[in-house]
Amino acid sequence: MTEVSTPEKSKRSRWVVMVAVALTVAIILAGFWFATQFQSSAQREADAKAPAAGPVVAEVTQGTLAGEVSFTGQAGPLTQTLVSVLAAEGASLSVVTGRPLKAGETASSGQVLTEVNGRPLFGVLSAFSFYRDMGVGDRGPDVEALQNALAARSYGVTADGLFGKETAAAVKRWYDDSGYVPPTRDSASAEDANVAEREESKGTEAQAPAQEVYVPVPELVAIPAKSAQVIQGVQIGQRVAGGEQADFILGSADIVIAITVPVTALGGVEAGDTATIAIEGVAVEGTVGDIRSTDATDAAGSSDSQDGDGQSTSDGADGASEVTFTVTPTAALTVKSGRARVTVVKEVIAQDALIVPVLAVSDRGPDQNVVTKQAPDGTFVEVPVTVLGTLQGEVAVEPANPGALEPGDQVRVG
């Protein structure tokens, strides 16, 4: 008689199979657990040990082994001049009314720098500030400075220090060409005075004295070079001639790198050393200038270098802890400001040489040095080398057999 399978019987069969599988898995896992618990002491010690360390290698490079000293400095003008505008005569306020002067622009001698109260402010190269109005008959170094500026702009003036008719004519053209009415004042010549006196004695009405071109001192400002860089300018509407602080700042067109470092970081650098200046992706050669201690700078009348809190970094009577110097580019820098990296090479140990870490070289006796090179199959072979020089943990070497050591080879260092 054939037995017929029912759903109930099929369900019980599946449960039996699942229970059997679960029991089998549990027994296997329990076996593994018991095996780990009953390891021998030798097995446990072996498992606790770190894997054996392999050889440590370093790559052979090629280049120049040189003693270098690097600094970080600030690019900027060699000198800076604080410029204060004189108050316009008879005016309640002095205000910039035109020609804003922007930072980064170039100010040239004989050029209108800006406009104050509707009148021009000319920049003129001079070693001193202008101190008086200048007109016909005046003589002095201020007149000569004015004449030099006019001559530089091709106004045909002889710089003899005497303000005569030739200079007056040049001044008139100067103002006209700049777009301003030339200032005039009553002639102060002896001839005009005598004519006025004679006319008065005759009882006749004296004629108005002749008018002469002159230069009012508020319309002149001394600048430090024929061409100067504007470090801080002025804007239209800005009040000037306040007297408390400079109205704008001019700097020399020559850009240098100013550096202040601790004495201990100078690294033997001396004035006249050749340097490489790197700034904003541009690299140029330069020359190190005079190196001065912060104390020496202070004694010369300049302020000490300061940290970010405005505190002096000089340690005064205990001796200077810092030195300052500039690096002058041998070619003009197009970058007018910013941080620069300066590198000075003090000693060249070897040029175009193979360079390895000092740990890679083994001494086998007098003039018998070797490096251990890793072969392509992973084995190591000793390569005899001549040591050319050592510097700061690196060694320049030359293989005894040409080609036995090449850039990119791996040498053992540990």
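Let us start with a pair of strands: β7 (119-125) and β11 (220-223) run parallel and are joined by 4 bridges. Strands here are DSSP runs (E, at least two residues), helices are runs of H or I with at least four, and both are numbered from the N terminus. Two strands count as paired if DSSP finds at least two bridges between them. Within this pairing, Val124 has Ala222 of β11 as its bridge partner.

Before going further, a word on the model: it is predicted, local features need pLDDT of at least 70, side-chain atom pairs count only at pLDDT 80 or more, and totals for chains, interfaces and linings use all residues. Residues are numbered from 1 along each chain as its sequence is written, and side-chain values use heavy atoms, with hydrogens and water left out.

Strand β7 also pairs with β6 (residues 112-116), this time antiparallel, over 4 bridges. Here Val112 stands opposite Phe122 of β7. The two strands make a hairpin with 2 residues between them, and Asn117 in the turn has a positive phi of about 50°. As for its surroundings, β7 is mostly covered, with 5 of its 7 residues buried. Buried means under 20% relative accessible area, exposed means over 50%, and partly exposed lies in between (1.4 Å probe, protein chains only).

From β7 it is a natural step to the largest nonpolar core, which has 24 residues. Such a core is a set of buried Ala, Val, Leu, Ile, Met, Phe, Trp, Tyr and Cys residues joined through side-chain atoms within 4.5 Å. Phe130, Leu146, Leu150, Phe163, Val171, Trp174 and Leu220 touch the most other members. The elements giving two or more residues to this core are β7, α3 (141-152), α4 (165-178), β10 (211-215) and β11. Take Val171 as a guide: leaving aside residues up to four places away in sequence, Val171 touches Leu146, Leu150, Phe163, Val213, Tyr214 and Val215, where contact means heavy atoms within 4.5 Å. Apart from this core lies another, of 22 residues, among them Leu266, Val269, Ile277 and Val342.

Val215 also turns up in a small sheet. Three strands form an open sheet in the order β8-β10-β9, with antiparallel pairing. Its edge strands are β8 and β9 (184-186), each pairing on one side only. Strands β8 and β10 are paired over 2 bridges, and Met134 has Val215 in β10 as its bridge partner.

Now for the aromatic rings. A search of the whole structure finds 6 aromatic pairs. Rings of Phe, Tyr and Trp (its six-membered ring) pair if their centres lie within 6.5 Å; planes under 30 degrees apart count as stacked, over 60 as edge-to-face, and the rest as tilted. Phe71 and Phe325 are edge-to-face, at 5.5 Å centre to centre and 80° between the planes. This pair links distant parts of the chain, 254 residues apart, with Phe71 in strand β2 (residues 61-77) and Phe325 in strand β18 (residues 322-329). Both Phe71 and Phe325 are buried. The rings of Phe128 and Tyr131 have centres 6.3 Å apart and planes at 40°, so this pair is tilted. Phe128 is partly exposed at 31% relative accessibility, and Tyr131 is partly exposed at 47%. Phe122, already met opposite Val112, forms one aromatic cluster with Trp174 and Tyr175.

Charged side chains complete the tour. The structure holds 7 salt bridges, each a side-chain nitrogen of Lys or Arg within 4 Å of a carboxyl oxygen of Asp or Glu. Arg132 bridges to Asp138, with the closest N and O atoms 4.0 Å apart, and also to Asp142, where the closest N and O atoms are 2.6 Å apart. Asp142 lies in helix α3 and Arg132 in the loop between β7 and β8 (134-135), so the pair ties together parts 10 residues apart in sequence. Arg132 is partly exposed at 25% relative accessible area, whereas Asp138 is buried at 18% and Asp142 is buried at 0%. In helix α4, Asp176 and Lys172 are 4 residues apart, which means a separation of about one helical turn; the closest N and O atoms of their salt bridge are 3.0 Å apart. Asp176 is partly exposed at 38%, as is Lys172 at 41%. Salt bridges with shared partners join Arg132, Asp138, Asp142 and Arg185 into one network.
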